[in-house]
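I opened this entry to record what I looked up, beginning with backbone angles and then turning to strand pairing.

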Amino acid sequence: MGRSLAHADPPSDLPAAVLAPGGPLLVAGPGGPPEVAATDLFTGFLASLLAVDAVLTEARVPASTGRWSYLKSNPPPTHR
């Protein structure tokens, strides 16, 4: 999970999963803040603010107070 988040990989769905409820992400490394908001971690497609010597160690996702769901679907293939 941490690797996909640190890599900011949208197809993995994990960035959306931590952005939706919010919550801090904990980072270990010699520089930068030890705690980063999920909204601040991702700086672009496949880009995050993590330095090359930093490691994402924990994602704290708040407990849900209601009902929700996530549905991922792929479009049907098109034939030529």
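In which loop does L46 lie? I was working on a predicted model, and there I placed L46 in the loop between β3 (42–44) and β4 (47–48).

I then checked the backbone of L46 and noted a positive phi of about 55 degrees, although this residue is not a glycine. Its side of the entry closes with accessibility: at a relative accessible area of 38%, L46 is partly exposed, because that class lies between the 20% and 50% cut-offs.

I next turned to A8, which I found in the loop between α1 (2–7) and α2 (14–19). A8 also has a positive phi of about 55 degrees without being a glycine. Is A8 buried or exposed? I entered A8 as buried, because its relative accessibility is 5% and the limit for that class is under 20%.

For the strands, I traced an open sheet of three, in the order β2-β1-β5, and the pairing I noted is antiparallel. Its edge strands are β2 (35–37) and β5 (55–59), each of which pairs on one side only. I also wrote down the average angle by which neighbouring strands of this sheet are turned against each other, which is 35 degrees with direction ignored.

How many bridges join β1 to β5? I recorded four between β5 and strand β1 (residues 24–28), the two running antiparallel. As a single entry from this pairing, I looked up V27 and found that its bridge partner in β5 is L56.

Conventions: Residues are numbered from 1 along each chain as its sequence is written. This is a predicted model: local features need pLDDT of at least 70, side-chain atom pairs count only at pLDDT 80 or more; totals for chains, interfaces and linings use all residues. Side-chain values use heavy atoms; hydrogens and water are left out. Buried means under 20% relative accessible area, exposed over 50%, partly exposed in between (1.4 Å probe, protein chains only). Two strands pair if DSSP finds at least two bridges between them. Axes are lines fitted to C-alpha atoms, for helices over the stretch in contact, and angles run from 0 to 180 degrees between N-to-C directions.
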